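Work through the exercises below with the model open. Each task is followed by a solution in steps.

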Amino acid sequence: QVQLVESGGGLVQAGGSLRLSCAASGRTFSSYARGWFRQARGKEREFVATISWSGGSTYYADSVKGRFTISRDIAKNTVSLQLNSLKPEDTAVYYCAAGRGGYYAAGYNYWGQGTQVTVSS
């Protein structure tokens with residue numbers, strides 16, 4: 001059974017940091033792009049960041065550029081998202097994904113169950 005499991009979410013004050021991790025099991029995703037999306041209450045799921053299969057290319061949404069960093073450990077089949085300088089508007093459920101890649105959810109075949117990030121003002 002293929003699974004992506006996120007961890008590391010929680011409650012943090014504005015300006016604080018969190019590190020999200022996504023562990024994969026059931027198959028290797030070494031040839032897949034990995035991505036992070038988020039969905040705030042009452043809003044559509046939106047792209048946050050993506051990293052290529054090799055880890056050599058990364059792309060970010062403008063809203064998080066310079067504050068968030070995506071990375072991956074191919075050997076461990078994991079991907080991480082470092083969230084710095086958090087703002088209340090970053091509050092959302094964060095999902096990791098694996099697939100062809102890109103800025104749209106349709107480019108990803110596998111999804112985790114999500115982890116809640118709440119930023120208080």
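**Exercise 1. Classify Phe29 and Tyr32, then describe how their rings meet.**

Step 1. This is a predicted model, and side-chain atom pairs count only at pLDDT 80 or more. Start with Phe29: its relative accessible area is 0%, so Phe29 is buried.

Step 2. Tyr32 has a relative accessible area of 16%. The cut-off for buried is under 20%. Tyr32 is therefore buried.

Step 3. Now the geometry. The ring centres of Phe29 and Tyr32 lie 5.3 Å apart, with the planes at 80°. Planes over 60 degrees apart count as edge-to-face, so the Phe29 and Tyr32 pair is edge-to-face.

Step 4. Check for a charge. Arg27 lies over the face of Phe29, 5.7 Å from the ring centre.

**Exercise 2. Place Tyr108 and Trp111 in their aromatic setting.**

Step 1. The centres of Tyr108 and Trp111 are 6.2 Å apart, and the angle between the planes is 65°. This aromatic pair is edge-to-face.

Step 2. Compare accessibility. Tyr108 is buried at 5%, whereas Trp111 is partly exposed at 27%.

Step 3. Widen the view. Tyr108 and Trp111 belong to one aromatic cluster with Phe37, Phe47, Tyr59 and Tyr103. The count of aromatic pairs comes to nine.

Step 4. Look for a charge over another ring. The charged end of Arg45 sits over Tyr95, 3.8 Å from the ring centre.

**Exercise 3. Is Asn109 buried or exposed, and which residues does Asn109 touch?**

Step 1. Locate Asn109 in strand S10, residues 108–111.

Step 2. Its relative accessibility is 57%, so Asn109 counts as exposed.

Step 3. Leave out residues up to four places away in sequence. Asn109 then touches Tyr32, Ala98, Gly99 and Arg100.

Step 4. Take one distance. Asn109 and Glu44 are 65 residues apart in sequence, and their C-alpha atoms are 18 Å apart in space.

**Exercise 4. Trace the partners of strand S5.**

Step 1. Strand S5 spans residues 46–51. Five of its six residues are buried, so S5 is largely enclosed by the rest of the structure.

Step 2. Take strand S4, residues 33–39. S4 and S5 run antiparallel and are joined by five bridges. Arg38 stands opposite Glu46 of S5.

Step 3. Inspect the hairpin of S4 and S5. Six residues lie between the strands, and Gly42 has a positive phi near 80°.

Step 4. Move to strand S6, residues 58–60. Three bridges join S5 and S6, again antiparallel. Thr50 has Tyr59 in S6 as its bridge partner.

Step 5. Inspect the hairpin of S5 and S6. There are six residues between these strands, and Gly55 in the turn has a positive phi of about 85°.

**Exercise 5. Which strands stand at the edges of the open sheet, and what is the strand order?**

Step 1. Write the order: S1-S3-S8-S7. These four strands form an open sheet with antiparallel pairing.

Step 2. Find the edges. S1 (3–7) and S7 (68–73) each have a single partner strand, so one side of each is left without a neighbour in the sheet.

Step 3. Note the twist, which averages 15° from one strand to the next.

Step 4. Examine one pairing. Five bridges link S1 to S3 (residues 18–25) in the antiparallel sense. Leu4 has Ala24 in S3 as its bridge partner.

Notes. Residues are numbered from 1 along each chain as its sequence is written. This is a predicted model: local features need pLDDT of at least 70, side-chain atom pairs count only at pLDDT 80 or more; totals for chains, interfaces and linings use all residues. Side-chain values use heavy atoms; hydrogens and water are left out. Two strands pair if DSSP finds at least two bridges between them. Helices (H or I, at least four residues) and strands (E, at least two) are DSSP runs, numbered from the N terminus. Axes are lines fitted to C-alpha atoms, for helices over the stretch in contact, and angles run from 0 to 180 degrees between N-to-C directions. Buried means under 20% relative accessible area, exposed over 50%, partly exposed in between (1.4 Å probe, protein chains only). Contact means heavy atoms within 4.5 Å. Rings of Phe, Tyr and Trp (its six-membered ring) pair if their centres lie within 6.5 Å; planes under 30 degrees apart count as stacked, over 60 as edge-to-face and the rest as tilted. A charge sits over a ring if NZ of Lys or CZ of Arg is within 6 Å of the ring centre and within 35 degrees of the ring normal.
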